[in-house]
Amino acid sequence: MSKRATVIACLLVLLLIAGLALLRQSGANREYSSDQFLMDTLVSIKVYGNDRETLKTAVAVAYAEMHRIAELADGFAQPGTAAYQSSDVCRINALAGKKPVQVDGDTLAMLVLAKKYYQLSEGAFDVTVGPLMDLWGFGGKNPHLPAPDQIKAALKSVGCQDLVLNEQDRTVLLRKEGMKLDLGAVAKGYATEKALQALKKRGIEKALIDAGGNIRVLGQNVHNSAWRIGVKDPRKSNEIVAVLALEDTSAVTSADYYRGFEAGGKRYHHILDPRTGYPAAHNMTVTAVTQDAGQADILSTVFFVLAPEKALQLAEKLAGVELLLVTADGLIRHSTSLRGRLEVQPGAAYRYDQSR
Ligand code: AMP
Ligand code: MG
């Protein structure tokens, strides 16, 4: 072969190798995405890889996990229906003050976590808020402002100290009649984490699950860098106040704009302070960042109810937990360790406190 022909042959081989590498990479970056309405919210799962069938099956398994947890935790199933029979929460509530109920391992795991954060938050987080949620009507179509004596009466049926968990027998008892569990602050995140672990088990290495503001990412994005997630401006839904850089972690937001109503010129929302019976008023929006989406979901609610300084102190105390919040008077604050993974865009409406 002449020298010229050898050079051309080498170039062709190189081109072929580069082409193949490009093809492989674009295959590995292929996205499969699917949305479903679940747990009262739009859930979106995006996965990346090179084989569409593998991606599709993994997402189907992940959704099956989410549906399973949703059924266990569904507090609104009607008696006599199949949904009621498969809801641990409904069965526990129906037997409040009567007898312990045998539950699924995942229900017990959610309740063990919930009780742990009840203690850590000194009662600010309490999954026995059911009677208060019902009184305010947040679960239904007609939320309204209750009378103070009604709130006082409902508070008597709230308190995690009367939630009895028997891990050995896998049973749960609400000690007093009239008590009612509400896993609204727990189940979505727990289900999101279950879904993500299901994807991982099926060999997925890059994924993003968005369950109505509960974000969980697996690995890095397709460009092999951190996923960039915007934190919504609590008063302007199409604007953001910050961007978070996330890798293999979750970020869950609890905020006052999701569900609520106005009465007498004042807005009331769905995250209640179980110590007063009224909506927690310290913050507009709170984002908890930690690897496990179940823990992040609980923590976002914990931090939302607590006063900002207390919330920041608790976040600093917990390993692997970070926090960003906008206080009721418009101050953006965050835990020390979030610096460097966060771009704050306070705009004209908010002030940014960088003291940590
Ligand atoms: P999240 O949006 O995750 O903060 O959860 C809010 C939901 O959790 C509400 O819709 C209620 O179902 C429930 N919830 C409200 N207040 C509390 C509280 N203080 N502790 C635990 N759960 C609560
Ligand atoms: Mg929550």
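Asp-248 counts as partly exposed because its relative accessibility, 24%, falls between the 20% under which a residue is buried and the 50% over which it is exposed. In this predicted model, Asp-248 belongs to the loop that runs between strand S9 (240-246) and strand S10 (250-255), and its phi is positive, at about 40°, although the residue is not a glycine. The points below take up two arginines that are also partly exposed, and then turn to ligand 1, which is surrounded by 17 residues.

**Backbone and exposure**

- Arg-170 is another residue other than glycine with a positive phi, in this case near 55°, and its place is the loop between strand S4 (163-166) and strand S5 (171-174).
- With a relative accessibility of 41%, Arg-170 lies between the limits of 20% and 50% and therefore counts as partly exposed.
- Arg-351 is part of strand S17, which covers residues 351-352, and its relative accessibility of 47% is under the 50% that an exposed residue must pass, so that Arg-351 counts as partly exposed.
- Between the C-alpha atom of Arg-351 and that of Thr-54 there is a separation of 47 Å, the two residues being 297 residues apart along the chain.

**Surroundings of ligand 1**

- The space that ligand 1 takes up is the largest pocket.
- Of the 17 residues that surround ligand 1, the closest are Asp-126, Asp-182, Ser-254, Leu-272 and Thr-301.
- By residue class, the shell around ligand 1 is made up of nine nonpolar, four polar and four charged residues.
- Helix H9, which spans residues 293-305, provides the largest share of this shell, namely three residues.

**Polar contacts and cover of ligand 1**

- Ser-254, which is among the closest residues to ligand 1, places a polar side-chain atom 2.6 Å from an oxygen atom of the ligand.
- Leu-272, also listed among the closest residues, takes part through its backbone, since one of its polar backbone atoms is 2.7 Å from a nitrogen atom of ligand 1, within the 3.5 Å allowed for a polar contact.
- Asp-297 has an N or O atom in its side chain that lies 3.1 Å from an oxygen atom of ligand 1.
- Taken on its own, ligand 1 has 500 Å² of accessible area, and the protein covers 95% of that area.

Note on methods
Residues are numbered from 1 along each chain as its sequence is written. Chains are lettered from A and ligands numbered from 1 in the order in which they are written. This is a predicted model: local features need pLDDT of at least 70, side-chain atom pairs count only at pLDDT 80 or more; totals for chains, interfaces and linings use all residues. Side-chain values use heavy atoms; hydrogens and water are left out. A residue is near a molecule or strand if one of its heavy atoms lies within 4 Å of it. A polar contact is a pair of N or O atoms within 3.5 Å; within protein, one must be able to donate a hydrogen and the other to accept it, and residues adjacent in sequence count only if both atoms are side-chain atoms. Accessible areas come from the Shrake-Rupley method with a 1.4 Å probe; for residues, only the protein chains shown count as cover. On a 1 Å grid over the protein atoms alone, a cavity is a set of points where a 1.4 Å probe fits but cannot get out, and a pocket is an open set with protein on both sides within 12 Å along at least five of seven lines; lining residues have an atom within 4 Å of a point. A molecule sits in a cavity or pocket if more than half of its atoms lie within 2 Å of its grid points. Helices (H or I, at least four residues) and strands (E, at least two) are DSSP runs, numbered from the N terminus. Ala, Val, Leu, Ile, Met, Phe, Trp, Tyr, Cys and Pro count as nonpolar, Asp, Glu, Lys and Arg as charged, and the others, Gly among them, as polar. Buried means under 20% relative accessible area, exposed over 50%, partly exposed in between (1.4 Å probe, protein chains only).
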